[in-house]
Amino acid sequence: WGGTVFRGHFRHTIDPKGRLSIPAKFRDVLREGGSDRLVMAPNGTSLDVYPEDKWRELEESVNKLAKLDPDRRLFQHVYLSAGLDVVLDPHGRIQILQDYRERGALAKNVVIIGMMDHFEIWDEDRWSHYQRENAGPLDNLRDRLAQKGV
């Protein structure tokens, strides 16, 4: 991936057939990574979408934990087991199954948010609410991150 990341916010719509066009900038990142294969998983507030190789890295990290670690098992049950393989179609769209649209509370208008190694798909209203709830000066957050070495 050579340091290329998913960056930015993009407003899109899910069509009546459940297809969502991926932003051109994100398609470029995928092209640079050499794959149109993605893995999608509900995260409780939205959908996470990883390039297949980044999803595998996450699985490998979890696999390094002790097999009987309760957090490992819970993460596998709740999150990893929900991973769904999706492929970009020739028009740069992905299909979002009805169940996954419901789990992400996705109706029509969405915001696609770059998260560096993956991106999230949020319902537009839910994203606006999240931003309002978490708005404010970044100074305290930056200080906390600086204490963690960022």
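Student: Across which strands does helix 1 lie, and at about what angle does it run to strand 7?
Tutor: This is a predicted model, in which local features need pLDDT of at least 70 and side-chain atom pairs count only at pLDDT 80 or more, while totals for chains, interfaces and linings use all residues. Residues are numbered from 1 along each chain as its sequence is written, and side-chain values use heavy atoms, with hydrogens and water left out. Helices (H or I, at least four residues) and strands (E, at least two) are DSSP runs numbered from the N terminus, and angles, from 0 to 180 degrees, are taken between the N-to-C directions of axes fitted to C-alpha atoms, for helices over the stretch in contact. Helix 1, residues 24–33, lies across strand 1, strand 3, strand 4, strand 7 and strand 8, and its angle to strand 7 is about 45 degrees.

Student: About what angle does the direction of helix 2 make with that of strand 4?
Tutor: Helix 2 also packs on the sheet, where it touches strand 3, strand 4 and strand 5, contact meaning heavy atoms within 4.5 Å. Its direction, set against that of strand 4, gives an angle of about 105 degrees.

Student: Which residues of helix 1 are buried, and why do they line one face of the helix?
Tutor: Buried means under 20% relative accessible area, exposed over 50%, and partly exposed in between, with a 1.4 Å probe and protein chains only. The buried residues of helix 1 are Phe26, Val29 and Leu30. They line one face because, seen down the helix axis, they fall within an arc (of the directions from the axis to the C-beta atoms) of 95 degrees.

Student: Which exposed residues does helix 1 carry on the face turned away from its buried side?
Tutor: The buried residues pack against strand 1, strand 3, strand 4, strand 7 and strand 8. On the face turned away from them, the exposed residues are Lys25, Arg31 and Glu32.

Student: Which residues of helix 2 are buried, and how many degrees of arc do they cover?
Tutor: Helix 2 (residues 52–63) buries Glu52, Lys54, Trp55 and Val62. These residues sit on the same side of helix 2, because the arc that they cover around the axis is only 165 degrees.

Student: What covers the buried residues of helix 2?
Tutor: The cover comes from both kinds of element, helix and strand. It includes strand 3 (37–42), strand 4 (47–51), helix 3 (70–78) and strand 5 (84–87).

Student: In what order do the strands of the sheet lie, and which strands stand at its edges?
Tutor: The sheet is open, has six strands with antiparallel pairing, and follows the order 1-7-8-4-3-5; two strands pair if DSSP finds at least two bridges between them. An edge strand has a single partner, so one side of it is left without a neighbour in the sheet, and this is the case for strand 1 (9–13) and strand 5.

Student: Which residues stand opposite Met40 in strand 4 and in strand 5?
Tutor: Strand 3 runs antiparallel to strand 4, with five bridges joining them, and it pairs in the antiparallel sense with strand 5 over four bridges. For Met40, the bridge partner in strand 4 is Val49, and the residue opposite in strand 5 is Leu84.

Student: How many of the residues of strand 4 are buried?
Tutor: Leu47, Val49 and Pro51 point one way from the strand, whereas Asp48 and Tyr50 point the other way, and all are buried. Strand 4 is therefore mostly covered by the definition of under 20% relative accessible area, with a count of five of five.

Student: Is His118 buried or exposed?
Tutor: His118 lies in the loop between strand 7 (109–114) and strand 8 (119–123), and its side chain is joined to that of Asp117 by a polar contact of 2.8 Å, a pair of N or O atoms within 3.5 Å in which, within protein, one must be able to donate a hydrogen and the other to accept it, residues adjacent in sequence counting only if both atoms are side-chain atoms. Leaving aside neighbours within four places in sequence, its contacts are Phe6, Asp48, Val49, Tyr50, Pro51 and Ile113. At 8% relative accessibility, His118 counts as buried.

Student: What is the phi of Met116, about how many degrees?
Tutor: Most residues other than glycine have a negative phi. Met116, in the loop between strand 7 and strand 8, is exposed at a relative accessible area of 59%. Although Met116 is not a glycine, its phi is positive, at about 75 degrees.
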